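Colleague: I should like to learn how to read the backbone and strand features of a model such as this one. May we begin with a residue that stands out?

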Amino acid sequence: MKVLVSSCILGRNCKYNGGNNLNSKVIKFLEDKEVIEICPELLANMTIPRPCAEIVKGVVTDIDGNNVDASYQKACQLALEKIKDEKIDLVILQSRSPTCGVNQIYDGSFTNKLIAGQGLFAKALIQAGYQVLDAEEFI
């Protein structure tokens, strides 16, 4: 089984704040699988750390009010291009991210309020027919 996984879940320090989302339950699940690690933001050479970003009225915006949607759209396109020839059986992405959130994302108010929705990359993968799971489904 080939599984596409958010880099931060595997312990790579690529989150906006320079940290990671190491998830030992996901890592255990992956032990006997072929793993493809991905971070759209790293592919797009976004800085680490970088300002926190959320989707505000359909546009990715950073906490300082800057429209960073083009950078995040580019990141998603680069990630999709990277995996286009792969036969991926399952995708596991990081929760709540404006890129990788699967079930919920932040509401755009930068107050930690969650709403139903997907990040840009998660949405593109779901629309393309991939089976996409939220990392928190393994907790």
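Modeller: Let us begin with Arg96, bearing in mind that this is a predicted model. Arg96 counts as partly exposed because its relative accessibility is 21%, and buried would require a value under 20%. Arg96 lies in the loop between β5 (90-93) and β6 (104-106).

Colleague: What is the sign of phi at Arg96?

Modeller: As a general idea, most residues other than glycine have a negative phi, and most peptide bonds are trans. Arg96 is not a glycine, yet its phi is positive, about 70 degrees. Phe110 is also a residue other than glycine, and its phi is near 60 degrees, a positive value.

Colleague: Where is Phe110 found, and why does Phe110 count as partly exposed?

Modeller: Phe110 is in the loop between β6 and β7 (114-116). Phe110 counts as partly exposed because its relative accessibility is 23%.

Colleague: Which residue follows α4, and what is its phi?

Modeller: Gly129 follows α4, and its phi is positive, near 95 degrees. Within helix α4 itself (residues 120-127), the buried residues include Leu120, Phe121, Ala122 and Leu125.

Colleague: Which residues does a cis peptide bond join?

Modeller: The cis peptide bond joins Ile48 and Pro49, with omega about -5 degrees. Pro49 belongs to the loop between α2 (40-43) and β3 (53-56).

Colleague: Let us turn to the strands. Which residues cover the faces of β5?

Modeller: In a regular strand the side chains alternate between the two faces of the sheet. In β5, Leu90 and Ile92 are on one side, Val91 and Leu93 are on the other, and all of them are buried. Both faces of β5 are thus covered.

Colleague: How many bridges join β5 to β1, and how many join β5 to β8?

Modeller: Three bridges join β1 to β5, and these strands run parallel. Leu4 stands opposite Val91 in β5. Three bridges also join β5 to strand β8 (residues 132-134), again in parallel. The bridge partner of Leu93 in β8 is Asp134.

Colleague: In which sense do β1 and β2 pair?

Modeller: Strand β1 (residues 2-6) and strand β2 (residues 34-38) pair in the parallel sense, over five bridges. From β1 the chain crosses through helix α1 (residues 24-29) to β2, and this β-α-β crossover is right-handed.

Colleague: Which residue in β2 is the bridge partner of Val5?

Modeller: The bridge partner of Val5 in β2 is Glu37.

Definitions and conventions. Residues numbered from 1 in each chain as written. Predicted model: local features only at pLDDT ≥ 70, side-chain atom pairs only at ≥ 80, totals over all residues. Heavy atoms only, no water. Buried < 20%, exposed > 50% of the residue type's maximum accessible area, 1.4 Å probe, protein only. Helix = DSSP H or I, 4+ residues; strand = E, 2+ residues; numbered from the N terminus. Pairing = 2+ DSSP bridges. Right-handed = clockwise from strand over helix to strand, strands pointing away.
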